[in-house]
Amino acid sequence: MNSVFRSYLATLLFLGLSLTFYTQISPWHRSSLGQMLHFGSDDAIVFSVFDAYVWLILLYATVLPFYYRRTAAESKALVVARAGWQKIRSGRVFDADEALAFRILLLKFFFAPLMVSWLLQHLAAFSGLTSLPGSGVAVNWIELYNKHLHARLIHVVVFVDVLCFTFGYLVDHPKLKNGFVSVDPTLSGWLACLICYQPFNQGLTAFIGWYSSDTPTVGDPHLQFAINISVLLAFAIYSTASANLGFKASNLTNRGIVRHGVYRWIRHPAYTFKNLAWWLGAMPPLWAALQTSVLGSIAILLSLCGWTAIYVARALTEERHLLMADNGYREYMQQVRYRFIPGLV
């Protein structure tokens, strides 16, 4: 019982320090958590991301004692707190288990508020979209999809992706078989990953630009329909890859090798189809730029190539990490030879 209490207390301390950082120290987190969420087309329900995050922490704090009573393992927060105290007292270096616990906490610290915020934003955006035309109104199905259905469906499929990763960061349990074997110990692996997420991607966007849209607009409704459907399918396969990861979904981690679903065909399906969706979404501005400005079209192409290169770097660093342990990934690479495009690369 003493161990349970210490584990619980250390975790509460970690949660409290994290929330203090988000609300008192980091301007970006204050802005992100302060966003108001409006649910329903008539804003029937309104609350902030911060409100939802606090309630989630309270739920987490309520459930944790029961979890710690049923497991013999100490909390990661306790392992790190004790190791940190011993380092202060004697200068002892973290051992492998303590270093892993620290990286897991750092991972949760960065991604938990980000994922919860995105999850709620997609849910609110879906619920607040304009109502569909009523019965008795003549329906142009192409226009109906372009103006009313496409944005809804994009929010649904991306919500599935974010839901998988939110759960993956917040919950790990032996019964779910999603324990952390390792977390990438290299600076290059963390940099390649974090540069894709807020607030770090804001600087990258300012440098190389961003020209894609999940809901691209072109003059011809049939062409817009074709592009929209293609973007939706690309995002749907991307979210399917996240669903195939299931409870193991999380960045920078080794939580076991997934071989089923779309991972039977290529090793990085999420990156392939996310980038495909971005390229498709950038086709309307690229086409417009080609009609008026060579430099403008070059800027768009360089931007798209830049974002794709970053995801190639992520794939390479992830594979390097997974190959650090004898966990079957080398055999998986022999079974699934291609990273991004079957038969090519």
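This report walks through a predicted model, starting at the hairpin and moving on to the cores, some backbone oddities, the salt bridges and a surface patch.

**The hairpin**

Let's begin with strand β1, residues 36-39. Its side chains alternate: L37 and F39 point to one face and are buried, whereas M36 and H38 point to the other face and are not. The partner strand is β2, residues 45-48, and the two pair in the antiparallel sense over 4 bridges. If you want to follow the register by eye, L37 has F47 as its bridge partner in β2, and F39 has I45. Between the strands of this hairpin sit 5 residues, and G40 takes a positive phi near 95°.

**Two nonpolar cores**

As a general point, nonpolar side chains in soluble globular proteins tend to be buried together. Here the largest nonpolar core has 52 residues. The residues with the most contacts inside it are L107, F111, L114, M115, V183, Y197 and F235. Plenty of helices chip in: α5 (96-127), α6 (141-170), α7 (187-194), α8 (200-208), α9 (221-245), α10 (269-281), α12 and α13 (329-335) each supply at least two residues of this core.

Where do the buried side chains of β1 end up? Another core, of 15 residues, lies apart from the largest one, and L37 and F39 are among its members, as are L15 and Y53.

Back in the 52-residue core, L107 is a handy residue to click on. Which residues does L107 touch once its neighbours within four places in sequence are left aside? The contacts are A112, Y169, F180, W190, N251, L252 and T253.

**Backbone oddities**

One of those contacts of L107, L252, is worth a second look for its backbone. Phi of L252 is near 65°, a positive value in a residue other than glycine. L252 lies in the loop between α9 and β4 (253-254). Is L252 buried or exposed? It counts as buried, because its relative accessibility is 7%, and the cut-off for buried is under 20%.

K177 is also not a glycine, yet has a positive phi of about 55°. Its place is in the loop between α6 and β3 (182-183). K177 counts as exposed because its relative accessibility is 65%, and exposed means over 50%.

There is a cis peptide bond to check too: the one from Q198 to P199, with omega near 0°. P199 sits in the loop between α7 and α8.

**Salt bridges**

How many salt bridges does the model hold? The count comes to 7. Three of the pairs are set out here.

| Pair | N to O distance |
|---|---|
| E74 and R82 | 2.6 Å |
| E98 and R92 | 2.9 Å |
| R339 and E319 | 2.9 Å |

Take the pair of R339 and E319, whose side chains meet in a salt bridge. The pair links distant parts of the chain: R339 is in the segment after α13 and E319 is in helix α12, 20 residues apart. E319 is buried, with a relative accessible area of 2%, while R339 counts as partly exposed at 26% relative accessibility.

Besides these pairs, salt bridges that share partners join K76, K108 and D172 into one network.

The E98 and R92 pair has a buried member as well: E98 is buried, at a relative accessible area of 10%. R92 is partly exposed, at 28%. For E74 and R82 the picture is this: E74 is partly exposed, with a relative accessible area of 31%, and R82 is partly exposed too, at 32%.

**A nonpolar patch on the surface**

Finally, have a look at the outside. V294, L295, I298 and L302 make a nonpolar surface patch of about 440 Å². I298, one of the four, has its place in helix α12 (residues 294-322). Why does I298 count as partly exposed? Its relative accessibility is 40%, which puts I298 between the cut-offs for buried (under 20%) and exposed (over 50%). Helix α12 turns up elsewhere in this report: α12 supplies at least two residues of the largest core, and E319 of the salt bridge with R339 is in that helix.

Key
Residues numbered from 1 in each chain as written. Predicted model: local features only at pLDDT ≥ 70, side-chain atom pairs only at ≥ 80, totals over all residues. Heavy atoms only, no water. Patch = residues over 30% accessible without salt bridge, like charges linked within 9 Å, V, L, I, M, F, W, Y side chains within 5 Å. Areas by Shrake-Rupley, 256 points an atom, 1.4 Å probe, with all protein chains shown as cover. Salt bridge = Lys/Arg side-chain N within 4 Å of Asp/Glu carboxyl O. Buried < 20%, exposed > 50% of the residue type's maximum accessible area, 1.4 Å probe, protein only. Pairing = 2+ DSSP bridges. Core = buried A, V, L, I, M, F, W, Y, C linked by side-chain atoms within 4.5 Å. Contact = heavy atoms within 4.5 Å.
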